[in-house]
Amino acid sequence: MPIVIWQLIFFVFPLIFLVVLSFWLVKNYRMVPGFDTINWVKMFSKGYFWDAYWRTLGYAGVATIVTSILAFPCAFALAFKVSPKVRRWALFFLIVPFFTSYLVRTYSWQIFLNDNGIFNTLFALVGLGPFQLLNNFFGTLVGYLTLCLPLVVVLQLISLANVDRTLVEAAHNLGCGRLRTVFQVIIPLAKIGIILGAVFTFILTFGDFVSPYYLGGSKPPTLSILIIDTTKSGQQWPRAAVVAIVMIVTLLTIMFASIAAAYRKRT
Amino acid sequence: MSDPSPSRPLVTFDGVCKRYGNITAVHAMNLEIYEGEFLAIMGPSGCGKTTSLRMLAGLEEPSEGEIRLDGKRINEISSVERDTPMVWQSLALFPFLNVQKNVEFGLKMRQVPTEERQQRARKWLERMEILDLAERDISQLSGGQKQRVALARSLVTEPRILLLDEPLSALDANLVVRMQGVLSRLQKELGITFVYVTHSQSEAFAMSDRVVIMSQGRIEQLGSPKEIYRSPASRFVADFVGANNILSGTVSQAGEDLEIKTTLGAFRCHAGTSDPFAVGDALDMVISADLVQISLEDPNTQNSLRCRFISEEFVGSIVTLFAELEDGSDFKVQTRQRDLANLSLGEESSFFVSWNATDAHLIGAKE
Amino acid sequence: MSPGASNSLILRGYVVLVFIFVFTPIVTSFIFSVNSDRFPSIPLGHFTTHWYETIFADPDVWDAFRVSGIVSITVAVLATFIGFCTAYTDYRYNFTGKALYLSLALLPPTIPLVIMGLAMLALLARINMSGEIYSIVVSHVVLCSPFAMAVIRMRLAQINPDLESAAWNLGASNWRAMREVIIPFCRPAIASAFCLTAAVSFDEFAVAWFVSGLNKTVPVIILEILQGNTDPQINAIGSIVFITSMTLVVLAQLILMRKTINQTATGI
C-alpha cells in the first residue's frame, strides 16, 4: 500500500505537472501559469525539433540492434559453452560496471577516441588514419554500448541459461543442424530475455544525453540534449516539457508494442 | 506379438562401453536389434538403459566399441544426421510452435516443400486422432494428447526405427493402459522397429517381442517376455521380474529329478533341459508366486513349506499374500481373489504352500 | 579440431573481447588516476598520487561525498522497504487493478532520467521543496524502488508456497509469519536490493543535477568538472567511488554467503 501513495505523489504527479507546465508561458524569465498551446505549436513547427526527434529515434534504434547482436554470441557462449562456475564469475563481473560511474567511463573513452588518443596513435604506428572516432555517431555508439552491453548480456544470458536442453536435443534428433537450431529453437525459447534487453537498450539510449554530449559532439542534438539546452538557456521550461512529453509518449508506445509482440501467442 | 524376423539385424551394439570419468555406465554391450521388432530395455534406475538408447540416437558417444545401423558404423555420425527419432520422457514438444508445426518440424528440416509437409503432418494427426487439435498451443493439451503429438512428430518422417525413453511414465494409470494399446497397434501397422526403455515391467512385457534386462551397465538377460518371466537367467532377474520366491541350496541328488537341500528342507525339482547339475553344486530355486498352491492343512508332499500369514495386497482380481517362513525369510503367493475367499486367513494364522517339481526354475548360483 | 570444438574456442574468445571492451574504460580510469600527465595519452607519465591529493583537499568534493553518502543510504533503506512491500503484495495477493498497480510500480525506469529530473525540479520548485537533500532522496526512491522490488520478487518466486501456510497452520499471525518465515528467507535478496539501490542512487546524476541545487552529490560534481575541461581529478573521484561501491558489494556477498551456508547446514 505505501508504494502506491509514494509513487502517486512523487512519480505520477510530477509527470502530470509536466503536462500542465507545457501549457504555461514564460515572460521575462519567469513562468506564468496559464493555458496556451503556443509552446506546442512553436515546437512542432520547428525543423530542428523534428530533426532531433527522428535522429534520436534512429540512434536508439541502431543502438538497440547493434547491442543486441553484439551481446548475443557472448550470452550464448556463457550459457552453453562454459562451466557453471565460470558462468557465475562472468555474471559477477558483468554486474561490476554497474557500480562504476557511467560518467567516468565515458570520460575514459574520450582518451581512447580522441584525435590524438590511444586508438589513433596505434593506427598511426601501422600507417593508418587518423580516424574521426570522437564527436560523431561512432563515439556516441561506443558510449551507448558502454551503458547497455553488460545489461543486455545479463538479460539474454538469464533467458538462454533457462532454455530446456532436451528441446535442443530433440531438435538435433529431428535433423536440425547446430546453427539452424540456434535460430529455429534456441532464440524462440529465449525470446523474452532478448526482447527485454532490446527494450531496455532502446529506453536507455533514447533518453541518454551523456554519450551524445560527451562522445558525440552534442551537435546535431538529440532530444535529451535539446531538453537540457532549452532549460539552461532562457529558462524555457514549458518548451522543454513539450519535448519531454513527446519522448514519454514515444517510449510508452514502443514499450507496449514490444511487450505485446513478446507475449503474443504464435499460431 | 509376432516373432522378430531373425534376418540381418538392423542395429548392432558391438562391445559398446560408456564411461564418465571413473564411472562406467555401460560395460561392453553386445546386442542385436532386428528389423520390425518391438524391443524393450528394462532395468532399475542407473542400469544404463537410457545411456544405451542415447548412444543409439547419437546424443552420447561410446567410449569404446561400435554401433552399426544397417551394417554401417555410425559412431561418428552426429545425431543431426542419424534418422533415429526419439520420444522423450518429457516429450520435448516445442512450446513456441502449435501442434501441427511441431509435427511438421522433422519434415521442414528435410526441406520437404510446404504443401507436402502440411499434408503429411495432417495425415498423421488424423491417424493419431488429434486432427482437431492442429492449431492448438502445446500448453493447452492434456498428457495423453501431448503423447500423441510427440509420436506423430517422430513418425512423420517415416523412419525405420523409433526410440522411446520412458514416454508413459508421466501419465495416469488408465491412460498408460490405453497408450500401450496405441503403441502396440502402431508398431504392428507400421512394421518398424521400436526400442523402448522403461523401468516398468508391465509396460515392457505388455508390448514387446523381446526384452533386455539390464543391471549396473550389463545385460542380465535377453529373451521374450514369457522366457524371462518363466526362466529368469540370474538371481537379479528373478528378483526384479515378477513375484518370485528364491530358495538357495545345494544339489543332494543329481539326475533329471534333482533333490535340493536347503535350510528349510529338501525339495524335488525337475531339471528339464537346463544345464546339468552335479551333486554339491550351489544353486537358487525360483518358485513363481502364481504357481504356488495354498492350503490350511499339511498337503503332505515333499515340495511344501509351512508359513505364517503377514499381510495381503489386494490389487483387484489378483491378491498377493505375504508370508513368513520358518527361518524368517519372506514368501509370496499370488492367487485369484475368488479362490482366496474360500479360505479364511487371519493375522498370524499359519498355512501351507506347495508347488510341483516341474514348476520350480533353477539358476546356477554365482559365487 | 572438430567443428564443435573450434566453435567453442571462437565463442570463448569473443566473450573475452566483450569483457575487454567493458572493462577498458574502468581500468584506464584507474591507471590515469595515478598518472602524472594532465592530458592522458600514451606513453604514460610517471606514477603520482597528486590527483587524489587534490580532490581530498577540495571541500566541495568532501561535501559531495557526504551528501551522496547520506542520500544513498537513506534511499536504500526506503526503496528496499517499499520494494519489499510491493513484491510481497504481488506475491501474496490477487486483486482487481493488480495489473495497474504493478505497472505503476515498475514504470519509473522507463522514463528517461532527464525527463524525471525536469519534472521533479519543476514540481518541487513550485512547492519550494527543491534544492534540499530530501528532494534528492525523494526522487531517487521513486527511481530505485522498482529495482528493489524486482530483486525481492525473484527471490519470493523461489520460496515454497506452503511454508507460509504451514506457519499460519501452526498458529502464527500474518505479521508473525512474515517476520519468522518470509523475511529470513528473503534476507539475501533484501541485502542485494539494499546494495543495488544504494549503488543506483550513488551514481545517478541526471535527476540529481536538476534537483540538488547547492547540495551536490558526487556525480553532479563530476558533471561540473567534466563541463569544464578534461581533468584527471575525475579519474581519481571515479576510482574512489568504484572502490567504495565494490567494497560494500563484496562485503554484502560475504555476509550473505556465510548466512546461506549456515542456513543450508541447518536444513532451511
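1. Handedness of a helix crossing in chain C. In this predicted model, helix H3(C) and helix H6(C) cross in a right-handed sense. H3(C) covers residues 59-92, and H6(C) covers residues 133-156. Their axes lie 6 Å apart, at an angle of about 40 degrees. That angle is over 35 degrees and below the 65 to 115 range, so the two helices count as oblique to each other. The contact of H3(C) with H6(C) is made up of 20 nonpolar, six polar and two charged residues.

2. Which chains touch. Two pairs of chains touch, and the pair with the most contacts is A and C. Chain B and chain C share no contact. The closest C-alpha atoms of chains B and C are 11 Å apart.

3. The contact between A and C. Chain A puts in 58 residues and chain C puts in 54. On the chain A side, eight elements are worth marking on the structure. Helices H1 (2-21), H3 (47-80), H5 (102-113) and H6 (118-125) of chain A are among those that supply at least two residues each. Helices H7 (137-161), H10 (191-207), H12 (223-232) and H13 (237-263) of chain A also supply at least two residues each. H1(A) gives the most, with 13 residues. By residue type, this side of chain A holds 44 nonpolar, 12 polar and two charged residues.

4. The contact between A and B. Here 16 residues of chain A meet 18 residues of chain B. Two helices of chain A, H8 (165-173) and H9 (178-189), give two or more residues to this side. H8(A) gives the most, with six residues. The side of chain A that touches chain B divides into seven nonpolar, six polar and three charged residues.

5. Chain A as a whole. Chain A has 13 helices and two strands. Its C-alpha trace spans about 75 × 60 × 35 Å along the principal axes. Of the 267 residues in chain A, 46% are buried. Take the contacts in chain A between residues at least 6 apart in sequence: 69% of these join residues at least 24 apart.

6. Helix H4 of chain B. This helix runs over residues 143-155, which makes 13 residues. From first C-alpha to last, H4(B) reaches 19 Å, close to the expected 18 Å. Is H4(B) enclosed by the rest of the structure or not, and how many of its residues are buried? H4(B) is largely enclosed, because 10 of its 13 residues are buried. Charged side chains are on that list too: Lys146(B), Arg148(B) and Arg153(B) are among the buried residues. Others include Val149(B), Leu151(B) and Leu155(B).

7. What surrounds H4(B). The buried residues of H4(B) pack against three helices and two strands of chain B. The helices are H2 (99-109), H3 (114-127) and H5 (173-190) of chain B. The strands are S6 (86-87) and S7 (161-165) of chain B.

8. Asn300(B), set against Arg148(B). Asn300(B) sits in the loop between strand S15 (293-295) and strand S16 (304-314) of chain B. Why does Asn300(B) count as exposed? Asn300(B) has 8 other C-beta atoms within 10 Å, and a residue counts as exposed at 12 or fewer. Arg148(B), by contrast, is buried in H4(B). The two residues are 152 apart in sequence. In space, Asn300(B) and Arg148(B) are 56 Å apart, C-alpha to C-alpha.

Methods. Residues numbered from 1 in each chain as written. Chains lettered and ligands numbered in written order. Predicted model: local features only at pLDDT ≥ 70, side-chain atom pairs only at ≥ 80, totals over all residues. Contact = placed C-beta atoms within 7 Å. Helix = DSSP H or I, 4+ residues; strand = E, 2+ residues; numbered from the N terminus. Buried ≥ 20, exposed ≤ 12 C-beta atoms within 10 Å, placed from the backbone. Expected span 1.5 Å × (residues − 1). Axes fitted to C-alpha atoms, helices over the stretch in contact; angles between N-to-C directions. Parallel < 35°, antiparallel > 145°, perpendicular 65-115°, else oblique. Left-handed = near helix turned anticlockwise from the far one by under 90°.
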